[in-house]
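I opened this notebook to record what I looked up, one topic at a time. The entries follow the order in which I went through the structure.

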2 protein chains.
Amino acid sequence: MCQLLGMNCNTPTDIVFSFEGFHRRGGLTDHHADGWGIAFFEDRGCRLFIDDRPSVDSPLAKLVRDYPLKSMNVIAHIRKATQGEVRLANAHPFMRELWGRYWIFAHNGDLKDYRPATGQYYRPVGDTDSERAFCAILEALRQRWDEMPDEDALFETLARLTAEIASHGVFNFMLSNGAFLAAHCSTNLYYILRQSPFNKAHLVDDDLTVDFAQITTPHDRVAVIATLPLTDNEIWTQLSPGQLILFKDGIPVR
Amino acid sequence: MCQLLGMNCNTPTDIVFSFEGFHRRGGLTDHHADGWGIAFFEDRGCRLFIDDRPSVDSPLAKLVRDYPLKSMNVIAHIRKATQGEVRLANAHPFMRELWGRYWIFAHNGDLKDYRPATGQYYRPVGDTDSERAFCAILEALRQRWDEMPDEDALFETLARLTAEIASHGVFNFMLSNGAFLAAHCSTNLYYILRQSPFNKAHLVDDDLTVDFAQITTPHDRVAVIATLPLTDNEIWTQLSPGQLILFKDGIPVR
């Protein structure tokens, strides 16, 4: 299956350290070599990098490692194809616009016999179960509201839609509109909250340590969410199956 | 004003040579230093690179120069901000999905008092006249057709929409859905068709020559469209004000 990585912060932060370990899972330390992608929000704008090559030898991944883009919401994905062939249109994350904002989605799992009706507002371009699920979520939200509703109502509806789709199979996903990041666990998803006092962290996938105390301010808060823990000297919290968490400003708010 | 570059081919082709000269206009040989972007279709998939920094010293532009992505439809843009501040959400090209395909749009010009009604299907994320025009075009197409119509009907409607919007000001643009590339001229737009027998070409913006005969096959056809000619030893055709051309497989078909 695929691997997911997300970051949600209260101040623009680069993801270079986490990505350093994560991208190695795309063909080097693990078998997820069917493409990859990463999306960075900058306010309402969004940079989306996708590639149908393994992340470990992708020139795009080299750029992401060398160019420390700062963002408050990041979603990355390394693909092991289950449905849909290996081509660019099937690379996660996927992007659409809803209510005048970009929305980004990436999925790890496999939805069986999942064929939602053709949407009025959103239609898949590729042929993955993942993009079908993303379009179905946005379609249902857009059908229900002409404008962005309040966060309570949105979260409640998102939880209901998620439960419906998750009945088709494994549905670990991350979804962000640049203001928050929602993460849902079917099988594997962990998160860690980093805030003052910051400590050193050491990567699982590479012999690399960073001392966050050196590169942060006391006000910073960063939540990192991943399929499997990225560091081996910190305590990661595992999400329960069926759990949907909304991260905002670097903390879980729902 | 901004600068546009487009390429439409009958076989996947890299744009490295044209981009080499073009990207220098973003802060080096010309004054268009308010961001830039480029979109490459690969079949139905699309890579979109945008940056709010000048193209001439952008790490993303270095990647595009060093990583010869092959595509049959490319649209690039260097921005000189007229409306909307310099930020990522205002960087061209813009991307949306319509009828299960991605559509890419970039604009050079300035539309005065152009405030189309809020769309049902498409809404701008940033605050440029350009993204408003793109959303208005897609909105009108989507309102009229539930599925992709035939090309005659589409082109006719696009021409009508273009004329309406162009009444607000300067509206040079390029639009592609990965199957064709439409280019509209208000003031400045030139194209060149390269096909067998291929010749050498020399850049205006840099002392660089390429011999296309060495890197092409006799079957290849490539149309390059740009705000101003990129080479100084080839004959570029200038579009007339108000002219809309549809390029497909490397030739103008309408």
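Which residues does L141(A) touch, if I leave out those up to four places away in sequence? Working on a predicted model, I found that L141(A) touches L98(A), W99(A), L154(A), T157(A) and L161(A). Apart from the core to which L141(A) belongs there lies another, of 52 residues, and I noted F19(A), F49(A), I78(A) and V224(A) among them. Going back to the largest nonpolar core, I read that it has 108 residues, of which W103(A), L141(A) and W103(B) touch the most other members.

Next I turned to the interface. I found 38 residues of chain A in contact with 38 residues of chain B, and the area buried between the two chains comes to about 3,100 Å², with carbon and sulfur atoms giving 51%. On the side of chain A, Y67(A), R123(A) and V125(A) supply 20% of the area that this chain buries against chain B, which is more than any other three residues.

I then looked up the polar side of the interface between chain A and chain B, where the count is ten salt bridges and where 26 residue pairs are in polar contact, both residues being at pLDDT 80 or more. In one salt bridge the side chains of R47(A) and D51(B) meet at 3.0 Å, N to O. Of the side of chain A that touches chain B, the largest share, seven residues, comes from β3(A).

My following entry concerns helix α2 of chain B, residues 59–66, in which L60(B), A61(B), L63(B) and V64(B) are buried. They lie on the same side of α2(B), because they cover an arc of only 155° around the axis. These buried residues pack against β3 and α2 of chain A, together with α1, β2 and β3 of chain B. At the N-terminal end of α2(B) I found a cap, S58(B), with a side-chain oxygen 3.1 Å from the backbone nitrogen of L60(B).

Last, I asked whether N73(A), which lies in strand β4 of chain A, is buried or exposed. N73(A) is buried, because its relative accessible area is 2%, and the cut-off for buried is under 20%. The side chain of N73(A) makes a polar contact of 2.8 Å with that of N8(A). Neighbours within four places in sequence left aside, N73(A) is in contact with residues including M7(A), N8(A), F40(A), S176(A) and F180(A).

Key. Residues numbered from 1 in each chain as written. Chains lettered and ligands numbered in written order. Predicted model: local features only at pLDDT ≥ 70, side-chain atom pairs only at ≥ 80, totals over all residues. Heavy atoms only, no water. Buried < 20%, exposed > 50% of the residue type's maximum accessible area, 1.4 Å probe, protein only. Helix = DSSP H or I, 4+ residues; strand = E, 2+ residues; numbered from the N terminus. Arc of directions from axis to C-beta. Contact = heavy atoms within 4.5 Å. Polar contact = N/O pair within 3.5 Å; in protein donor to acceptor, adjacent residues only side chain to side chain. Core = buried A, V, L, I, M, F, W, Y, C linked by side-chain atoms within 4.5 Å. Buried area = accessible area lost by both parts, 1.4 Å probe. Salt bridge = Lys/Arg side-chain N within 4 Å of Asp/Glu carboxyl O.
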